[in-house]
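Open the model in your viewer and keep the sequence panel in sight. Follow the stops in order, selecting as you go.

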Amino acid sequence: MPEGPEVEVLRREIEPELVGLQVVKIDRSNKALRFDVSYDEMNQLSQKTIKAVTRVGKVLIWRFNTAEELHFMLGMTGRFDWRYSDTAAEKHEHICFTLKKAQSVVHEQLVFVDPRRFGGWRYFARPTRPSVGVDGFGEQRCDLGWIDRLVASSRALKELLLDQTLVAGIGNIYASEICFQLGIHPALPGHQVPNSMLERLIPMIDAVLFDAASRGGSTLKDYRTPRGRIGRFPELAGVYGRAGSPCPRCQQSEIKRIFIGQRASFFCPQCQVMP
DNA sequence: TGTCGTGTTTACTT
DNA sequence: AAAGTAAACACGAC
Ligand SMILES: [Zn+2]
């Protein structure tokens, strides 16, 4: 499911429903996740109340009244789902949170579902910043240290955009879209990106991510919010998934699909040339 | 029915 | 620093 915009759409939906709920219990399947929370930590969260739901890059963060935190990475296919009463556990359900309002006896269940299990979760006793670079929804305009690393690198620009330690939140769909919007070749090495292009790149990142979030993000296959919302960005994408189609900008060339750093990458060979 | 290629991610190894 | 590999499952093409 998740690049930054999908996690942000999930966060916006779930935050008002989750804040104020108290943990009754947490159940865990016996299947391994990428990284995990111990049973001691799960039990310790019993009775604690969720105070805030935030996001840094692709990491969803629940903060409790005790300042403890849970961090979730959704991997490729991870998602949350409200389990409505009298429905059975769904396939690939790995974590089940039983929650309730403070003065209520009615229980609600939110489950973490992840078929491929590239996702994971972590527990922190105190507020902790995930170990990633600046968030791509605007932080990247204020703290420009990542630009120094970008221009010092020989790696392809699109690969650098995917590096979460530079800017956090860009995934494979939006990395291609950002390069398309800028009219720059995705395989251009970082140290060859002109200064004029860097100035346009910095604000383009949050422009693309916010725009995608406003459309509900991208549903390719698995992504859906806990209330079932689907992302409509793919219908409006400029290049992602459109190999062989005419370029929506020049209408002349057809969009090409190449591999950069083992990931499918889409671009228009006429609009996105190496300088 | 079976095999192959592809995929929204990233942590670890070379 | 950069490149490659592995993790697990679903689905469509042939
Ligand atoms: Zn074009």
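Select Ser154 and DNA strand C. In this predicted model, a polar backbone atom of Ser154 sits 2.8 Å from a phosphate oxygen of DNA strand C. Now add Lys91. An N or O atom in the Lys91 side chain is 3.2 Å from a phosphate oxygen of the strand. Next, pick Arg116. Which part of DNA strand C does the Arg116 side chain approach, a base or a phosphate? It is a base nitrogen, 2.3 Å from an N or O atom in that side chain.

Widen the selection to the surroundings of DNA strand C. Show Lys31, Lys91, His92, Pro115, Arg116, Arg117, Phe118, Ser153, Ser154, Arg155, Lys221 and Gln262. Of the strand atoms that come within 4 Å of the protein, 54% belong to sugar and phosphate. Colour the residues by class. You should see six charged, four polar and two nonpolar residues.

**Phe118**

Stay with Phe118, one of the residues around DNA strand C. Look for Phe118 in the loop that links β7 (107–113) and β8 (120–124). Is Phe118 buried or partly exposed? Phe118 counts as partly exposed, because its relative accessibility is 35%, and the buried class ends at 20%. Draw a distance from Phe118 to Val167, C-alpha to C-alpha. It reads 21 Å, for a pair 49 residues apart in sequence.

**The nonpolar core**

Select Trp146, Leu161, Ile170, Ile178, Leu201 and Ile205. These have the most contacts inside the largest nonpolar core, a set of 32 residues. Then colour the elements that each give two or more residues to this core: α4 (145–151), α5 (157–162), α6 (172–182) and α7 (195–214). Which element gives the most? That is α7, with nine residues.

**Helix α7**

Isolate α7. Its end C-alpha atoms are 30 Å apart, and its 20 residues should span 28 Å at 1.5 Å a residue, so the two values agree. Find Pro203, where α7 bends by about 30°. Now show the buried side of the list: Met197, Leu198, Leu201, Ile202, Met204, Ile205, Asp206, Val208, Leu209, Ala212 and Ala213. Helix geometry helps in reading such a list: an α-helix has 3.6 residues a turn, so residues three or four places apart point the same way. Step just past the end of α7 to Gly216, which takes a positive phi of about 90°.

Go back to the loop between α6 and α7 and select Val193. Val193 counts as buried because its relative accessibility is 6%, under the 20% cut-off. Measure out to Gly138. The two C-alpha atoms are separated by 21 Å, with their positions 55 residues apart along the chain.

**Helix α1**

Finish at α1, residues 4–18. This helix has 15 residues and reaches 20 Å from its first C-alpha to its last, close to the expected 21 Å. Look down its axis at Arg12. A kink of about 30° lies there, shortly before the proline Pro16. How many residues of α1 are buried? The number is 11 of 15, and the helix is mostly covered. Among them are Gly4, Pro5, Val7, Val9, Leu10, Ile14 and Leu18. Glu6, Glu8, Arg11 and Glu13 are also on the buried list. Last stop: Gly20, which follows α1 and has a positive phi near 100°.

Methods
Residues are numbered from 1 along each chain as its sequence is written. Chains are lettered from A and ligands numbered from 1 in the order in which they are written. This is a predicted model: local features need pLDDT of at least 70, side-chain atom pairs count only at pLDDT 80 or more; totals for chains, interfaces and linings use all residues. Side-chain values use heavy atoms; hydrogens and water are left out. Helices (H or I, at least four residues) and strands (E, at least two) are DSSP runs, numbered from the N terminus. The expected span of a helix is 1.5 Å times one less than its number of residues. The bend at a residue is the angle between axes fitted to the seven residues ending there and the seven starting there. Buried means under 20% relative accessible area, exposed over 50%, partly exposed in between (1.4 Å probe, protein chains only). A residue is near a molecule or strand if one of its heavy atoms lies within 4 Å of it. A polar contact is a pair of N or O atoms within 3.5 Å; within protein, one must be able to donate a hydrogen and the other to accept it, and residues adjacent in sequence count only if both atoms are side-chain atoms. Ala, Val, Leu, Ile, Met, Phe, Trp, Tyr, Cys and Pro count as nonpolar, Asp, Glu, Lys and Arg as charged, and the others, Gly among them, as polar. A nonpolar core is a set of buried Ala, Val, Leu, Ile, Met, Phe, Trp, Tyr and Cys residues joined through side-chain atoms within 4.5 Å.
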